[in-house]
Structures are given as structure tokens and as C-alpha cells.
Amino acid sequence: MSVQELHIEAGEHKRLVIMHVGEQTARWQIKQEADSVLTVHLFCLDMQSDAEVLLDIEQVGEHAETYIYGLGVLTGKQHVRVRTHVLHSVPNGRSSQLLKFAVKDEARAEFIGELIVAPNAQHTDARQTNRNVLLSPTATMHTQPQLEIYADDVKCSHGATTGQIDESALFYMQQRGIALDEARQLLLTAFFHDVVSTLAEQEVEERIQNKIADALA
Amino acid sequence: MLEIKNLHASIAGKEILKGINLHIRAGETHAIMGPNGAGKSTLSAVLAGNPAYTVTEGEVLFNGKDLLSMAPEVRAREGLFLSFQYPVEIPGVSMTNFMRAAVNAKLTHQGLPALSAGEFLKLMRAKRALVELDNKLANRSVNEGFSGGEKKRNEIFQMAMLEPCLSILDETDSGLDIDALRIVAEGVNKLHNEQNATIVITHYQRLLDYIVPDYVHILADGQIIRTGGKELALELEEKGYAGLIQ
């Protein structure tokens, strides 16, 4: 297992793009000082089977901001686990997580979202959203939001949904002449759009669109 | 153009269509009227290939080809268009991308080259004007946040883009105020010519004041029980379904 440690200095803005995880387990251990902003883009596209990504983030300075945007496309017999551990140790912090997975064939995705607000971390604003689409009846998604909130004056929310691709939308598109595969791809591209668009890099966006298309082919 | 012979269809084991026979030639407009639950929407869904329905008996020929053996997208590319009673909202898929995929799928099917971005946008602009569809709507996600009237106009806009040979308008008048109804009907009339045909499915005679049918069929309990000219719709308006079905 490799552990990468990052220390984000006070006032620093840092962007972390995780595109390809070649190792079985990859772990980031990050500490954020006051007024720092961390944005993580996580794309689980070429994952080894039984791969695990751990993002361990602690806000140690006030007014720090953490944004995590992640997506995963899993096919075949892939099994991938993503765990985020966000710890608000001090007051006035903000964190927002948006993770989306599309799981096909016999693949299995796991998302564990640990969000901890320490007793003195008042005025924390922490949000976590997890949305998933199952593309085959044998695909599975495990989602486990774990919120531990010890401060009483905070804004915290989380939501997790897992569903299937909208059949009525597929038929509507087919009725206009669009092949089923292409219709599925258009819907998935739309599904991932809010995650992909956070990168705001045309080239990377196109690479990801192509990966999605490959995965569905 | 379309020949329906003894068509039976069911959903979840319940038979809805119980032997439909209908013959439609190029240049014709047919109205199908009937009470709730008669099978009007089922007929349009079965013709479009909605997988929720099972055809248990019968045959449908579309320009001489076996329609029922074609996938829904192939039926569309062959020129069958269904204007949905409830157009589906597709968040995140832009009207432009949606229509480009549809138009190019049809062109490819016909062995023609796909349109360039410029040609495509020009076509969008020209067809949008036909149903007075705002450019703002054309830039949004498919049907997302559209009002009832905008959704129906958007259906006719798509029909104009795809130039089908057979259009089935499923309750296109439902949820429309009189102005929107006129715009939609005028759009349909402008698209009508001697090479294509239209099936108008409706509850009410009102739409047929604007889209004048050559034939009116009354559907009740899964069968066509009467066929007549446009005056049949007026008779229906007067006597009600109960009066005609007896």
C-alpha cells in the first residue's frame, strides 16, 4: 500500500486529480491549514479489481474548504472500494462531496463516506451526495454514509440513491431513431456531467467520455 | 403505407387490443377516437415498439416491410414517428445533442452522410420557426422544465426535423390551451403532404377542427367498431361514446 501525505498550507489552493490507480490500494493522507482550499477529482475508470482508494482528510485550520468530486465506471468482475474520511477538527470549515458510480455486469462498487464533525467544530457546513446507477441486474452497489456529528451548531446533509437507467427515456430516444447503446451513453454522460464538468478541462473531459463509451461497449 | 391485420396485444397478461384492422395510404389523415381504456394509446405504443407491450397475434406491414420484427429505433429510421402523450424529460441531455443523434441515425440508415455542425444548426433554426419554439428551449435539456404546451410543440418540432412518412399523434391536444393547439395543429398541417400520412389519436372533436381527417375510426374495447368520414366525429360529439357503442 502506498500512502501519500499532503500538507496544504494556510491560504493555499490545491487541486488533486486522481485519474488512474494502478495499485491495489492507494491512500492519501491530507491535512488542511486555515483558509486552504482542496479540490479532489477522482476518476475510477481503469481500476484493478479489488482496488481501494482512501481519502483521509483533516481540516486542522479554520475556514478551510474541501471539495471531492468522484465518479466510477465499473464493468466485468471489478470490485472497487472508495472510502472518504473527512474530519472537521476546528470550527467554520466547509466540505462538499459528490460521488457517482455506474456499475455493470457483475461488478461491485463500494462507497464509504465517513464524515466527522468534532465537538468544537461549530459552524461546520458539510455535505455528502452519492448517486449510483446499476446497468445490469447482477451489478451491485454498497453505499455507506457514516456521519458522526458531535457539534450542535452545524449544517450537515447527506443523500445516497441507487437506481436503474430510466427506461422511459431510453424508449423515447429509440423512438427518435437513436440506437439503444447510444441512448444509454447519452444518459450516462448526462448522469456524470456535473462531476466531469468540475474539471473544466476539455481534453480530460473527452478522455473520460471515451472511457465511459468503452466501458459500455 | 401501413397495413394492420388482426392485431392483438397485451400488457402484463391483459389483452388490450383485440383484433385491429386498419389500412392507411400515403396522403391520408386518420383520426382514432374512443373512450378511456379503449386501447388508443396501446395501439400507438405497439406500433412504435414499446417493449412493455406484447403482440400476441396479427401482422403490421409498413411500406411493405414487417414492422413488428423491427427494433424501435429501426422503425423510427424507416419513417415512423410517435408524438408522445407524455413527452419524457431527459435531464442533462441537450435538445441539440439529442436531435443531432436522431437526425444522423436516420441519415446513416438511408446511406447518406451525416450533417455538418453548421448544416445541422441551420436545419434546427428553420424547423424551430415552424412551431414557434423558442431558441432558449432548443438550448435546454430535452423537455426539462418545459410547460405542457412547450412539450407538445417540441414533439412537432422533432417531427419536422425527422420528416417521417407516418406520424402518430397520441393525444397531442391534451393539456393544450386554444392558442397552443392552433400552433401545434398548423405545424402538423404544414408538414402534411401527398407522400406522408398522419394518425391523430384524440378524445375530442376539437382537434379535428384544425387537423381535418379523411377517416375517423371509433375504437372501443380493443376493436375498431365504426369507420366513417370526418362527420363521424361530429356525430360522436353529439351522441357521446355510449350512444355510438350501443
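**Why these labels: two chains, questioned**

Q: What makes strand β4 (residues 54-62) of chain B and β5(B) a pair?
A: Two bridges join β4(B) and β5(B), in the antiparallel sense. The cut-off for pairing is at least two bridges, so these strands count as paired. Phe62(B) stands opposite Lys65(B) in β5(B). The model is a predicted one.

Q: Why are β2 (14-24) and β5 (65-66) of chain B called edge strands?
A: The open sheet has four strands in the order β2-β1-β4-β5 (chain B), and the pairing is antiparallel. β2(B) and β5(B) each pair on one side only, and that makes them the edges.

Q: Why is Glu59(B) called partly exposed?
A: Glu59(B) sits in strand β4 of chain B. The residue has 13 C-beta neighbours inside 10 Å. Buried needs 20 or more, and exposed needs 12 or fewer. A count of 13 falls in between, so Glu59(B) is partly exposed.

Q: How far apart in space are the C-alpha atoms of Glu59(B) and Gln195(B)?
A: The separation is 23 Å. Along the chain, Glu59(B) and Gln195(B) are 136 residues apart.

Q: How do you know that helix α1 (residues 40-48) of chain B is largely enclosed?
A: Count its buried residues. Eight of the nine qualify, so the rest of the structure largely encloses this helix. They are Lys40(B), Thr42(B), Leu43(B), Ser44(B), Ala45(B), Val46(B), Leu47(B) and Ala48(B). Gly49(B) comes just after α1(B) and has a positive phi of about 95°.

Q: How do you know what span to expect of helix α4 (residues 117-130) of chain B?
A: The helix has 14 residues, and the rise is taken as 1.5 Å a residue, which gives 20 Å. From first C-alpha to last, α4(B) reaches 21 Å. That is close to the expected value.

Q: Why are the buried residues of α4(B) said to line one face?
A: Met124(B), Lys127(B) and Arg128(B) are the buried ones. Down the helix axis, they fall within an arc of 105°, so they line one face. These residues pack against α3 (95-109), α5 (135-138) and α6 (148-162) of chain B. The face turned away carries exposed residues, including Glu119(B), Lys122(B) and Arg125(B).

Q: What makes the phi of Glu132(B) worth a remark?
A: The phi of Glu132(B) is positive, about 50°, yet the residue is not a glycine. Most residues other than glycine have a negative phi. Glu132(B) lies in the loop between α4 and α5 of chain B. With 13 other C-beta atoms within 10 Å, Glu132(B) is partly exposed.

Q: Which residue of chain A, other than a glycine, has a positive phi near 60°?
A: Asp35(A) has that phi. The residue lies in the loop between β3 (25-32) and β4 (37-44) of chain A. Why is Asp35(A) classed as partly exposed? There are 16 other C-beta atoms within 10 Å of Asp35(A). That count lies between the limits of 12 and 20, so the class is partly exposed.

Q: How do you know that the radius of gyration of chain B agrees with that of a compact globule?
A: The rule for 246 residues gives a value near 18 Å; chain B has 18 Å, so the two agree. The C-alpha atoms fill a box of roughly 55 × 40 × 35 Å along the principal axes. Of the 246 residues, 41% count as buried.

Q: Among contacts in chain B between residues at least 6 apart in sequence, how many join residues at least 24 apart?
A: The share is 70%. The chain has nine helices and twelve strands.

Q: What makes strand β10(A) a partner of two strands?
A: β10(A) pairs with strand β8 (residues 94-103) of chain A over ten bridges, in the parallel sense. One bridge joins Arg94(A) to Asp125(A). β10(A) also pairs with strand β12 (residues 155-164) of chain A over ten bridges, again parallel. There, Leu134(A) has Gln164(A) as its bridge partner. Each count meets the cut-off of at least two bridges, so both pairings stand.

Q: Which elements of chain A have the lowest and highest mean pLDDT?
A: Helix α3 (residues 202-216) of chain A is lowest at 77, and β10 (residues 125-134) of chain A is highest at 97. Chain A averages 91, and 98% of its residues score at least 70.

Q: Which helix gives the most to the side of chain A that touches chain B?
A: The contact takes 17 residues from chain A and 20 from chain B. α1 (167-175) and α2 (180-196) of chain A each supply at least two on the chain A side. α2(A) gives the most, with seven residues.

Conventions. Residues numbered from 1 in each chain as written. Chains lettered and ligands numbered in written order. Predicted model: local features only at pLDDT ≥ 70, side-chain atom pairs only at ≥ 80, totals over all residues. pLDDT = per-residue confidence, 0-100. Rg over C-alpha atoms; globule rule 2.2 N^0.38 Å. Contact = placed C-beta atoms within 7 Å. Expected span 1.5 Å × (residues − 1). Arc of directions from axis to C-beta.
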